[in-house]
Amino acid sequence: MATLARLFHQLSIGSAVVRDVRLLPACSISTESLARVMNKPKPGTGTAYRRIVHYPDQYTVEPLKVTNLAGRDPETGRLIAKGIGGGIKHKYHWIKWVRDGPAEGVPQVEKVIDVIHDGCRTAKVALVAVGDELKYILATENMKPGDLIKTSRFIPRIPVRANEGDAYPLGALQVGTQVHCLEKFPGQPCHLIHSAGTYGTILRKFGDLVVVQLPSKQEFAFQQTCMATVGRVSNIYHNKTPIGSAQKNRELGNRPRSGLWHRKDGRHGRKIRKLPPMRVIGAPAEPATEAINLTLKL
């Protein structure tokens with residue numbers, strides 16, 4: 001114990017060091033820097049300065065007009081996102097994120113009219129008809145025109161055997177089912193698992209909760225009444241397909257990182273400088289001869 005006490009006493013900070021630290025001058029902080037640190041934007045409220053979609057008052061399947069922002073703030077016009085710019089103009093297809101069906105009885109049957117490509121998103125879009133209503137939903141991996149899909153909010157005692165494109169509550173589906181377009185809370189729009197080729201997996205159930213593994217491999221417990229669409233989102237080879245050329249990257253609306261490298265001048269590039277002066281290389285110097293001291297005894 002005495003040895004440990006001596007060791008800790010040697011490791012302790014002396015009073016001189018503490019006195020020097022206390023006498024250090026404090027750095028002044030500007031109010032702008034303090035406001036930048038204190039008033040951080042809340043997560044989930046960011047703005048993607050890519051496009052503005054002009055939504056009408058009522059839902060429609062007509063392609064909507066889009067205003068491309070090219071990475072600029074729509075109010076001030078200042079450049080915010082440098083990697084956005086150019087690209088082909090696309091019409092926006094309004095997805096109806098709420099899959100609403102009967103709470104009891106036979107499920108609602110809907111028919112897929114067409115599966116189209118939407119340039120404003122990575123997944124394909126399916127035009128669905130039910131009664132006298134038309135709407136757009138996200139297409140599944142094997143969805144094709146003419147398919148019949150079902151929608152229901154009823155949770156039976158025995159889990160249903162759902163097909164691709166069917167929408168049921170999580171409590172009505174079997175464990176191991178792949179789902180997408182998942183509601184975070186009952187009654188809210190389905191705003192989880194939208195990207196091309198993604199899906200979530202139902203892992204287990206306990207009580208009134210259903211555990212779903214998201215594409216990020218994180219597990220979350222949702223209410224069993226949350227709606228989800230069965231299947232994997234279409235365009236599964238989206239993240240495996242190379243862009244192929246710089247022109248295609250510009251068509252996608254991505255601006256190149258210009259200004260970082262130039263061939264002849266500029267930052268991170270080959271500079272053209274004046275050559276150094278000529279040097280004359282002569283014959284090598286002869287090695288210095290050492291003096292020999294001779295002594296004579298008299």
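Here are some questions and answers on the cysteines and pockets of this predicted model.

Me: Why is cysteine 181 called buried?
Reply: Its relative accessibility is 8%. Buried means under 20%. So cysteine 181 counts as buried.

Me: What makes cysteine 226 buried or exposed?
Reply: The cut-off for buried is under 20% relative accessible area. Cysteine 226 has 0%, so it is buried.

Me: Why is cysteine 181 not in a disulfide with cysteine 190?
Reply: A disulfide needs the two sulfur atoms within 2.5 Å. The sulfur of cysteine 190 is the closest cysteine sulfur to that of cysteine 181, but it lies 5.9 Å away, so it is too far for a bond.

Me: How do you know that cysteine 226 has no bond to its closest cysteine sulfur?
Reply: The same test applies: within 2.5 Å. That closest sulfur is in cysteine 190, at 9.0 Å, and therefore too far for a bond.

Me: How many disulfides does the rule give?
Reply: The count is zero.

Me: What makes up the lining of the largest pocket, by class?
Reply: Nine residues are nonpolar, 13 polar and six charged. Glycine counts as polar under this scheme. The lining has 28 residues, with Gly119, Arg121, His238, Glu251 and Leu252 nearest the centre. Strand β2 (66-68) and helix α4 (246-251) each give two or more of them. The volume is about 780 Å³.

Me: What makes up the lining of the second largest pocket, by class?
Reply: Nine residues are nonpolar, three polar and one charged. Strand β13 (residues 219-223) gives the largest share, four residues. This pocket's volume is about 240 Å³.

Note on methods. Residues numbered from 1 in each chain as written. Predicted model: local features only at pLDDT ≥ 70, side-chain atom pairs only at ≥ 80, totals over all residues. Heavy atoms only, no water. 1 Å grid on protein atoms, 1.4 Å probe; cavity = no way out; pocket = protein on both sides within 12 Å on 5 of 7 lines; lining within 4 Å. Points joined across faces, edges and corners; volume = space filled by probe spheres on them. Buried < 20%, exposed > 50% of the residue type's maximum accessible area, 1.4 Å probe, protein only.
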